[in-house]
Amino acid sequence: MIDQGHLLSLLRAQKSGMSLARPFYTSPDIYQHDLDSIWYRDWIFAAAAAELPKPGAYVTLQLGACPLVVVRGADGAIRAFHNVCRHRGQRLCPKPSGTTTKLVCPYHQWTYDTDGKLLWARDMGADFDAAKHGLKQVHCAQTAGMVFVCLAAEAPDFAPMQAAADRYTARHRLDEMKVAHQSRIIENGNWKLVLENNRECYHCAGAHPALCRTFNDDPNLVGSDDSLSSPAGAEHVNRCEAAGLPSRFLISDDQDWRLVRIPFVGAAVSYTMDGKAAAPMIPGMPFANAGSLLFFHYPNTWNHFLSDHVLTFRVLPVSPTETEVTTTWLVHKDAAEGRDYDLTRLTEVWLSTNDEDRRVVEENQKGINSPAYEPGPYSMQQESGVVQFIDWYLRRLAQSVAGPGRIAAE
């Protein structure tokens, strides 16, 4: 565990409007404290529900020290478990995803139902009670077609975000979507650098030529509260609201999630090189140029809900200086590749953008690793989103100094 006095001294030395001190991005002790105080306590985006289209479909993820498996049961319910056999601890599902009728340990073939119940364990004796050896379950909930998990013994209230996100995304028909493509990359940078990079577009004009064809990088597009400081942003939101699309900026009381709908550049309707649709319009959307509904949730996801497709992003910490970023492209279930959409056209903008962001984050980490690094000032015009994220992060650390949370299965 991190020395509490050292952490307190770092928190007290942190100046408002300035980037974090080097240990926050490099220290193994602070990285572990991040896991204990945030990642093991909060709701974490695990997968799009569309990744689990039928009973037996599963996805796996590594959340800090905890391998997890999320699976759709025979009853259609989605559940999450520690991906650890109750016999001798073997990982049950080593692959990132798959489909199975039963969860079978590859070591000694202990067999579990998709609801976590132990069904079969060979030669364990007459006194063995299978009911006491089911998989250890973790909290699991859904909103906006996205599956979230929580390792805490007692999960935070999910209902407010669930109600808001379900209302804002209802017309995007997430229950009718399928996976068109998924990419997974490792960025050699601290997880906070990945989030910070996402929370500003100060770098976009210089780093993202393809994205800037359609993404509006005006920092004044939306206000910091319920107001809209850009005429273009206000006009777009009002037009969408009038058509029954909830769009106005909405942020949670503790500022860990937010929703807002923003317009594309000019006449663009999608993230494509020419700005035209990449896939058939989602049934129920009132018009093609509804822009992008942005849904953020700290610490690990940002998402874009468009008229023709949906993009989800999942961030997972790997080490103090490594982060996994998974991007999933969703289209309507009736859209056929090659007939209704071209996969290259659908994915090329964000595949390029992700790789450009990877290079930015990695160079950022290399610079911070230097003893010459010292915190610098943020642009309050261009980087207010980063300031908001850093303030949220520092509040969470300050709240945790009394002691980190515990994992439910401990």
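**View 1. Aromatic pairs in the predicted model.** This predicted model holds 16 aromatic pairs. One of them joins Trp110 and Phe128. The two ring centres lie 5.5 Å apart, and the planes meet at 65°. Planes over 60 degrees apart count as edge-to-face, so the pair of Trp110 and Phe128 is edge-to-face. Distant parts of the chain are linked here, as the two residues are 18 residues apart. Trp110 sits in the loop between strand 6 (103-104) and strand 7 (111-112). Phe128 sits in the loop between strand 8 (118-120) and strand 9 (137-143).

**View 2. The largest pocket.** The largest pocket contains about 910 Å³ of space. Its lining is made of 45 residues. Closest to the centre are Asn198, Arg199, Glu200, Phe296 and Gly385. Several helices and strands each supply at least two lining residues. The helices are helix 5 (191-198), helix 8 (343-369) and helix 9 (384-400). The strands are strand 13 (257-262), strand 14 (292-297) and strand 15 (301-305). Helix 8 gives the most, with five residues. By residue type, the lining of the largest pocket divides into 19 nonpolar, 18 polar and eight charged.

**View 3. The second largest pocket.** About 520 Å³ of space lies in the second largest pocket. There are 24 residues in its lining. Asp42, Pro156, Asp254, Asp256 and Arg396 lie nearest the centre. Helix 4 (159-169) and helix 9 each supply at least two lining residues. The largest share comes from helix 9, with four residues. Ten lining residues of the second largest pocket are nonpolar, four are polar and ten are charged.

**View 4. Helix 3 against helix 9.** Helix 3 (residues 28-39) packs against helix 9 at an angle of about 85°. Their axes are 10 Å apart. Angles of 65 to 115 degrees count as roughly perpendicular, so helix 3 and helix 9 are roughly perpendicular to each other. Helix 3 makes the contact through Ile30, His33, Asp34, Ser37 and Ile38. Helix 9 makes it through Trp392, Tyr393, Arg396, Leu397 and Ser400. The residues of this contact divide into five nonpolar, three polar and two charged. Arg396 also appears in View 3, among the residues nearest the centre of the second largest pocket.

**View 5. A cis peptide bond at Pro299.** The peptide bond from Tyr298 to Pro299 is cis. Its omega is near 10°. Pro299 is placed in the loop between strand 14 and strand 15. Strand 14 and strand 15 each supply at least two residues of the lining of the largest pocket, shown in View 2.

**View 6. A positive phi at Ala144.** Ala144 has phi near 55°. This is a positive value in a residue other than glycine. Ala144 lies in the loop between strand 9 and strand 10 (146-150). Strand 9 also borders the loop that holds Phe128, the partner of Trp110 in View 1.

Methods
Residues are numbered from 1 along each chain as its sequence is written. This is a predicted model: local features need pLDDT of at least 70, side-chain atom pairs count only at pLDDT 80 or more; totals for chains, interfaces and linings use all residues. Side-chain values use heavy atoms; hydrogens and water are left out. On a 1 Å grid over the protein atoms alone, a cavity is a set of points where a 1.4 Å probe fits but cannot get out, and a pocket is an open set with protein on both sides within 12 Å along at least five of seven lines; lining residues have an atom within 4 Å of a point. Grid points are joined across faces, edges and corners, and a volume is the space filled by probe spheres set on the points. Ala, Val, Leu, Ile, Met, Phe, Trp, Tyr, Cys and Pro count as nonpolar, Asp, Glu, Lys and Arg as charged, and the others, Gly among them, as polar. Axes are lines fitted to C-alpha atoms, for helices over the stretch in contact, and angles run from 0 to 180 degrees between N-to-C directions. Angles under 35 degrees count as roughly parallel, over 145 as roughly antiparallel, 65 to 115 as roughly perpendicular and the rest as oblique. Contact means heavy atoms within 4.5 Å. Rings of Phe, Tyr and Trp (its six-membered ring) pair if their centres lie within 6.5 Å; planes under 30 degrees apart count as stacked, over 60 as edge-to-face and the rest as tilted.
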